[in-house]
Amino acid sequence: MILNMVKKMLGGVRIFHALTMCAALALMVVGAWLFMHRHDGALKHGIITAIQQRDTFAHINYKQLQAFYNARGQGAVWVGSGGPNGKAHELREILNHADHDALLPSDYHVDEIANYWERTQLPDLVRLEVLLTDAFMRYSVEVKAGYQFPKIIDPDWHIDPERVDPVAVLAQTLAKANFTKSLSEFAPPHSAYRNLRASLQYYRDMARDGEWPKVKVEKDIRPDAPYADSEKLRVRLQREGYLKANIAAIKPGVYNATLAEAIINFQARHGLPATGILDRSTARALNKPIAERIAEIEKNMERWRWLPRQLPERYIAVNIADYKLNMYEKGKNVLDMKVIIGKKYRATPVIASNIEYVDLNPTWNVPQRIAREDMLPKQRGDQEFFARKGIRVWSRHGKQMVRIDPAKVRWDDIKADRFPFFLQQEAGDSNSLGRIKFGLNNAFDIYLHDTPQRELFRNPVRAFSSGCIRVEHPEKLAAKVLEGSRWTPERITSALEKDNTFRIPVTQRLPVYILYQTAWSGDGRMAEFRDDVYVRDGAMPDNLMLSSVVKPHKFTTAGI
């Protein structure tokens with residue numbers, strides 16, 4: 001009986017303790033909720049104050065911060081009572097490695113963020129919140145649409161980058177389930193960009209081991225000829241990956257077959273004649289410092305950020321710097337050929353256009369600039385020039401165009417700045433457009449066409465036109481452009497044998513991108529490089545990632 005009474009008393013004690021513990025836990029939860037509620041309210045108030053005062057930090061876009069936090073109800077994104085949250089950690093990791101995309105991490109407040117990262121006082125948490133939000137917005141614009149607005153540094157670039165609204169991008173990214181994955185998808189999705197990104201790391205790693213050796217070439221060196229710098233050349237080629245790392249030392253003083261084979265590969269990847277002859281132009285390419293090669297890769301990564309994020313399934317790309325045309329279908333290269341581009345003083349612009357029609361046996365309405373600057377001097381020096389080239393001369397009388405006999409014009413008296421005539425070249429073998437013209441819709445009257453000067457395609461540097469693109473195999477290109485229509489290759493050939501001009505509308509949209517790319521990579525290691533024929537690389541900062549160049553109107557021009 002006594003034992004039962006003891007058990008009941010002990011049971012009562014346990015219940016009492018359990019009730020006491022529950023009450024204490026409830027008080028803790030309520031207290032924590034009240035603390036968090038007060039803390040969240042204090043954070044909101046601190047954010048509002050920081051944005052309104054606009055004097056917390058320099059280089060902060062407070063206007064966009066205000067737009068974002070107003071829409072959000074002023075709530076914090078990145079910090080809580082205990083400091084930065086998981087998303088803040090993920091964002092900081094991306095910002096700290098912005099240099100992987102040839103961007104400057106310090107532009108995204110990484111040092112200031114590090115300074116406030118471990119602090120838990122309310123004013124410091126507000127500062128950290130503001131810094132992270134502004135950093136996200138800057139980064140989202142620049143990695144998506146470019147570090148610089150293209151026309152600021154290249155007036156001949158006429159493809160506008162994506163318009164990025166960083167306020168909307170931040171809201172959308174926060175709403176996605178995988179925040180880190182969403183951040184990683186900001187950079188251009190093209191494989192060409194990803195390969196350049198990997199090549200950038202490859203050359204930076206190479207640079208950490210010091211500069212590659214310079215080689216001296218005073219005259220052409222052929223295989224098996226004596227060459228004093230053969231060992232330096234071996235090390236140079238080995239450093240970049242053109243020779244295997246474990247290859248045996250080259251016999252001193254001889255330019256042997258192993259070196260010549262590596263040089264052929266090097267020449268091909270630098271747009272040089274792949275002869276295996278070690279000449280001065282090859283030596284210049286070999287001796288360009290690693291830092292300059294890194295800068296070229298960075299600049300071409302920037303150009304990819306200026307291009308559409310989604311390329312069509314079927315399109316034509318002309319790389320001005322490579323003198324090359326490629327046609328792609330579903331990501332596959334289905335046609336490639338050499339091209340001739342504009343002379344340096346009549347440089348071909350970067351444009352995006354569409355092929356609207358194909359002319360077989362075209363006539364050529366000579367642009368007035370070419371008529372004044374090119375045709376008039378030739379006619380003055382040779383009174384038969386127009387007649388021999390099939391060039392008709394027209395003059396406007398009221399609303400009528402009247403044909404003029406060039407033999408009756410005193411050409412020496414005609415002033416170039418007041419040229420009163422219109423010139424048209426009739427179809428035929430001597431027509432400057434050749435036998436096929438591909439009409440594009442653009443503001444610069446740029447188009448693709450054939451040429452009677454076929455011998456020019458043998459030159460490695462092919463800047464001979466007045467701005468338009470001359471193509472090496474116009475009939476092959478016409479067959480691909482008109483594929484699926486009633487204009488078969490056989491019918492095209494038959495029409496070209498006649499003198500009549502045929503205009504064939506292109507009903508299926510076929511985009512053409514005329515681009516300027518001086519570096520690219522197919523495997524993410526060794527890049528291919530081309531000479532900066534129009535000095536457009538030279539107009540960009542020498543090293544984007546390390547430059548202190550001021551980026552004007554970062555959000556309003558490259559962004560919204």
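The following exchange asks how several descriptions of this predicted model are justified.

User: What makes Tyr203 and Phe529 an aromatic pair, and why is the pair called edge-to-face?

Analyst: Ring centres must lie within 6.5 Å for a pair, and planes over 60 degrees apart count as edge-to-face. Tyr203 and Phe529 are 5.9 Å apart centre to centre, with 85 degrees between the planes, so both conditions are met. By this rule the model has 18 aromatic pairs.

User: How do you know that this pair links distant parts of the chain?

Analyst: Tyr203 belongs to helix H9 (residues 191-208), whereas Phe529 belongs to strand E20 (residues 528-529), and the two are 326 residues apart. Both Tyr203 and Phe529 are buried, and Tyr203 is also among the residues with the most contacts inside the largest nonpolar core, which has 154 residues. The largest share of that core, 13 residues, is supplied by helix H5 (residues 122-145).

User: Why is Arg454 called partly exposed?

Analyst: The relative accessible area of Arg454 is 35%, and because buried means under 20% and exposed means over 50%, a value in between is called partly exposed. Arg454 is placed in the loop between strand E14 (448-449) and strand E15 (463-465). A polar atom of its side chain lies 3.4 Å from the backbone oxygen of Thr451, and, leaving aside neighbours within four places in sequence, Arg454 is in contact with Val471, Glu472, His473 and Pro474.

User: What makes Arg236 and Lys437 examples of a charge over a ring?

Analyst: One requirement is a distance within 6 Å of the ring centre. Arg236 lies over the face of Trp212 at 3.5 Å from the ring centre, while the charged end of Lys437 sits over the ring of Tyr447, 4.4 Å from its centre.

User: How do you know that the buried residues of helix H7 are on the same side?

Analyst: The buried residues of H7 (residues 166-175) are Pro166, Val167, Val169, Leu170, Thr173 and Leu174. They cover an arc of only 165 degrees around the axis, and therefore they are on the same side of H7. In general, an α-helix has 3.6 residues a turn, so residues three or four places apart point the same way. Among the elements covering the buried residues of H7 are helix H2 (62-72), helix H3 (86-96), H5 and helix H8 (179-184).

User: What caps the N-terminal end of H7?

Analyst: The cap is Asp165, which has a side-chain oxygen 3.1 Å from the backbone nitrogen of Val167.

Technical notes
Residues numbered from 1 in each chain as written. Predicted model: local features only at pLDDT ≥ 70, side-chain atom pairs only at ≥ 80, totals over all residues. Heavy atoms only, no water. Phe/Tyr/Trp six-rings, centres within 6.5 Å; stacked < 30°, edge-to-face > 60°. Helix = DSSP H or I, 4+ residues; strand = E, 2+ residues; numbered from the N terminus. Buried < 20%, exposed > 50% of the residue type's maximum accessible area, 1.4 Å probe, protein only. Lys NZ or Arg CZ within 6 Å of the ring centre and 35° of its normal. Contact = heavy atoms within 4.5 Å. Polar contact = N/O pair within 3.5 Å; in protein donor to acceptor, adjacent residues only side chain to side chain. Core = buried A, V, L, I, M, F, W, Y, C linked by side-chain atoms within 4.5 Å. Arc of directions from axis to C-beta.
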